[in-house]
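Notebook open, model loaded. I want to go through some strands, a pocket and a few odd backbone angles, and jot down what turns up.

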Amino acid sequence: MHAICLGLLLFALTPHARAQSDLPGPFPLPAPVHAVVTTRSADGQPILGILHGGGLDAQGHLRGAAVALATPTGTVLWDGFNRGLHPWHLCSGRFAGKDVLLVGVRKTAPFDPQEAPRPFLYTVKPGGAGLSKVWLGTSLARPLFALDLADLDARGEDELVALEYGPTGRLSVAAYRWRGFGVEGIARSEEIDGACELACEDVSASPGKEAVVRTARGGRYTFLAYQLQGEELTVVARVAVTVGEGPVQWRLVARSETDPGGILIQRGAVQRLLRFVSPS
């Protein structure tokens, strides 16, 4: 349930995705480390999933990276992911009744010779000995831009959440559930002007998590928080901020019993915590 968008000046790291500086050392895998998530193996052992290595091409796409598995103390258990799949995204969650890793890869497909981002789902083998295929998706309903896992309706299992291109070239949010041997789309938002990033976390008073979409117009960012209500994706909260020019970092701050949650914006050493408000 973690999103990391690479090749952009502004990026998001949810609280469940740990930075490289938080990793237990020593860590013998090739740098850089792009994302670290937590999951469980088929025999119930806690496992770290690590997206590492590779580099950005001229289009800003991560290429030649790999996914490794390690113990919570940093002992590498497996590092055999096919780098030719060019993984660019890693998150974890509960989907299809299992603890899974969702890996965004970039590859061709049997009936699509054009290289494109695609969603692959895996479980972790007992003892962290490797990955077992759950679903290797050639596509979703529309061309994929970003993806995550999150329980958007508080039913106890995550939806696969995607930011996808629509007919006009603008992006919209879509939610998918597991249906037997694949995924089925259950809801889609309207197309969102200026949408460019996706991250999921519990940032409102409503039960469940929200799919937060960042939009950008000039130096002003708007964050829209969507929840799944019945078969509709509805904006339940929003916040806007003027950030000006230059690189900005942001991350979602999860709601807790003592904190309503929000978005932490950082430019250099300066930080601001923004609170979501009702969209009305």
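**Entry 1: the E8, E9, E10 run**

I started with strand E8 (residues 98-109) and found that E8 pairs with E9 in the antiparallel sense, over 8 bridges. I'm keeping in mind that this is a predicted model. The link from E8 to E9 is a hairpin through 2 residues. For a register check I looked up Asp-112 in E9, and Ala-109 stands opposite.

Next I went to the other partner. E9 also pairs with strand E10 (residues 131-136), again antiparallel, over 5 bridges. Here I took Tyr-122 as my marker, and the bridge partner of Tyr-122 in E10 is Lys-133. E9 and E10 make a hairpin too, with 6 residues between them. I checked phi in that turn: Gly-127 has a positive value of about 70°.

**Entry 2: the second largest pocket**

Which strand gives the most to the lining of the second largest pocket? I found that it is E9 (residues 112-124), with 4 residues. The space in this pocket comes to about 150 Å³.

I went through the lining list. Asp-112, Ala-116, Pro-117 and Arg-118 are in it, and so are Thr-138, Ser-139, Leu-140, Arg-142, Pro-143, Leu-144 and Tyr-165. Sorted by character, the lining has 6 nonpolar, 2 polar and 3 charged residues. I note that Asp-112 is a lining residue and also the one opposite Ala-109.

**Entry 3: E12, E13, E14**

Tyr-165 from the pocket lining took me to the next set of strands. In E13, the bridge partner of Tyr-165 is Leu-171. Strand E12 (residues 159-165) and E13 pair in the antiparallel sense, and I get 6 bridges for them. They form a hairpin with 5 residues in between, where Gly-169 in the turn has a positive phi of about 90°.

On to E14. E13 and strand E14 (residues 182-188) run antiparallel and are joined by 6 bridges. My marker here was Ala-175, and the bridge partner of Ala-175 in E14 is Ala-187. The E13 and E14 hairpin has 2 residues between the strands, and Gly-180 takes a positive phi near 75°.

Is E13 largely enclosed or left open? I looked at burial for strand E13 (residues 171-179): 7 of the 9 residues are buried, so E13 is largely enclosed by the rest of the structure.

**Entry 4: positive phi outside glycine**

The turn glycines done, I went looking for positive phi elsewhere. Most residues other than glycine have a negative phi, so a positive one earns a note.

His-86 came up, with a positive phi of about 50°. His-86 is in the loop between strand E6 (76-78) and strand E7 (89-95). Buried or exposed, I asked of His-86? I put His-86 down as buried, because its relative accessible area is 15% and the cut-off for buried is under 20%. Leaving out residues up to four places away in sequence, His-86 touches Leu-62, Arg-63, Gly-64, Gly-104, Val-105, Arg-106 and Glu-115. I also looked up a polar pair there: a polar atom of the His-86 side chain lies 3.0 Å from the backbone nitrogen of Gly-64.

Ala-96 was another, with phi near 55°. Ala-96 is in the loop between E7 and E8. At 17% relative accessibility, I count Ala-96 as buried too.

**Entry 5: Ser-204**

Where is Ser-204 found? I located Ser-204 in the loop between strand E15 (195-201) and strand E16 (210-217). Despite the loop setting, I have Ser-204 as buried, because its relative accessible area is 8%. Setting aside residues up to four places away in sequence, Ser-204 touches Glu-210, Gln-227, Val-236, Ala-237 and Arg-255. With Glu-210 there is also a side chain to side chain polar contact of 2.8 Å.

**Entry 6: Leu-56**

One exposed residue to finish. Leu-56 is in strand E3 (residues 55-56). I count Leu-56 as exposed because its relative accessibility is 51%, and the cut-off is over 50%. I also checked Leu-56 against Trp-88: they are 32 residues apart in sequence, and C-alpha to C-alpha they are 9.8 Å apart in space.

Note on methods: Residues numbered from 1 in each chain as written. Predicted model: local features only at pLDDT ≥ 70, side-chain atom pairs only at ≥ 80, totals over all residues. Heavy atoms only, no water. 1 Å grid on protein atoms, 1.4 Å probe; cavity = no way out; pocket = protein on both sides within 12 Å on 5 of 7 lines; lining within 4 Å. Points joined across faces, edges and corners; volume = space filled by probe spheres on them. Nonpolar A, V, L, I, M, F, W, Y, C, P; charged D, E, K, R; others polar. Pairing = 2+ DSSP bridges. Buried < 20%, exposed > 50% of the residue type's maximum accessible area, 1.4 Å probe, protein only. Polar contact = N/O pair within 3.5 Å; in protein donor to acceptor, adjacent residues only side chain to side chain. Contact = heavy atoms within 4.5 Å.
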